[in-house]
Amino acid sequence: MTTGLEPNPYERAEWRATGDGLLRPGGLALTDRAIKYCALPAGSRVWDIGCGLGVTVAHLVTRHGLEAVGVDRSEALLDAARSRTPSIPLICARGDALPCAAATLDAVLAECSWSVISTDRGGDRTNGDVALAECWRVLRPGGWLIISDVYARGVASIQAAPLGDGLCRNLLTEAEIRTALASQGFAIELWEDHSAALNEFVGRMIFEFGSLSPLWGDDGDGPEGCTALKAARPGYFLLAARRNG
Ligand SMILES: C[S@@+](CC[C@H](N)C(=O)[O-])C[C@H]1O[C@@H](n2cnc3c(N)ncnc32)[C@H](O)[C@@H]1O
């Protein structure tokens, strides 16, 4: 399932040793915030794209009574997810090619996966628009797209290199994200900054592993990467947008 795609740093063993099984900032509190805002009733059909170890999927089922399905490109992560929670439905597929009929879902979640999927093909962000178009296709009109992810709070966005495979490899500004969603037929109704969660997450990972290199490799540690990162001022956002049309 990985042919033609960039290497997947989230398959490293260290990620499975991070404790709560969530490969991102914000914890399940951020998920709960979004589900509450969108007022998704029990039984709603939701796909979690880039679901990793399936922790959110299990939570959506048990806590919110949703009909949730997890999708990830990584068989290794899905196997680990099945070991954690055998009962949850999981599909190995790419976020830009969902095996799902058109206009059938009430919500799509992408928790720290849109930025990753965006650069899965060749390093630039072109796959991000393809993934948004795919979310639009599978959502019913008025359905919700929920994204939490990294972004650039500074004036400068970072496009691809020099930051290697790291969390902040590609950062768009809020304006760029708003433009991307609008151009793919989404109307943003909720935008919140949760950058404190990113700081907490990065700090926790550094204390646990000594540096971020065991998680993402050494790329991006050079002076060019550091300068770009500083200018971009990485932050974390949560958004909820409705599918137009
Ligand atoms: C930062 S992790 C987030 C995982 C999960 N959402 C969570 O909350 O823990 C990014 C996830 O996206 C997955 N991923 C990367 N590229 C993908 C693609 N093209 N299609 C589907 N999943 C992808 C990775 O395997 C990884 O599980």
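This report describes the overall make-up of a predicted protein model, one of its helices, two residues with positive phi, and one residue of helix α6.

## Basis of the model

The model is predicted, and local features need pLDDT of at least 70, side-chain atom pairs count only at pLDDT 80 or more, and totals for chains, interfaces and linings use all residues. Residues are numbered from 1 along each chain as its sequence is written, and side-chain values use heavy atoms, with hydrogens and water left out.

## Overall make-up

The protein has nine helices and seven strands. Helices (H or I, at least four residues) and strands (E, at least two) are DSSP runs, numbered from the N terminus. Of the 245 residues, 54% are buried. Buried means under 20% relative accessible area, exposed means over 50%, and partly exposed lies in between (1.4 Å probe, protein chains only).

The accessible surface is about 10,000 Å², and carbon and sulfur atoms account for 56% of it. Accessible areas come from the Shrake-Rupley method with a 1.4 Å probe; for residues, only the protein chains shown count as cover. Contact means heavy atoms within 4.5 Å. Among contacts between residues at least 6 apart in sequence, 74% join residues at least 24 apart.

## Helix α5

Helix α5 covers residues 126-138, and its buried residues are N127, G128, A131, L132, E134, C135 and V138. These residues lie on the same side of α5 because they cover an arc of only 160 degrees around the axis. The arc is that of the directions from the helix axis to the C-beta atoms. An α-helix has 3.6 residues a turn, so residues three or four places apart point the same way.

The buried residues of α5 pack against two helices and three strands: α4 (114-118), α6 (174-183), β4 (105-111), β5 (139-152) and β6 (186-193).

## Two residues with positive phi

Most residues other than glycine have a negative phi. C112 is not a glycine, yet has a positive phi of about 60 degrees. C112 sits in the loop between β4 and α4 and counts as buried, because its relative accessibility is 6%.

R233, also not a glycine, has a positive phi of about 50 degrees. R233 is found in the loop between α9 (223-232) and β7 (234-243). With a relative accessibility of 43%, R233 counts as partly exposed.

## E174 in helix α6

E174 belongs to helix α6 and is partly exposed, at 28% relative accessibility. Leaving aside neighbours within four places in sequence, E174 is in contact with Y151, A152 and W191. E174 and W191 are 17 residues apart in sequence, and their C-alpha atoms are 9.2 Å apart in space.
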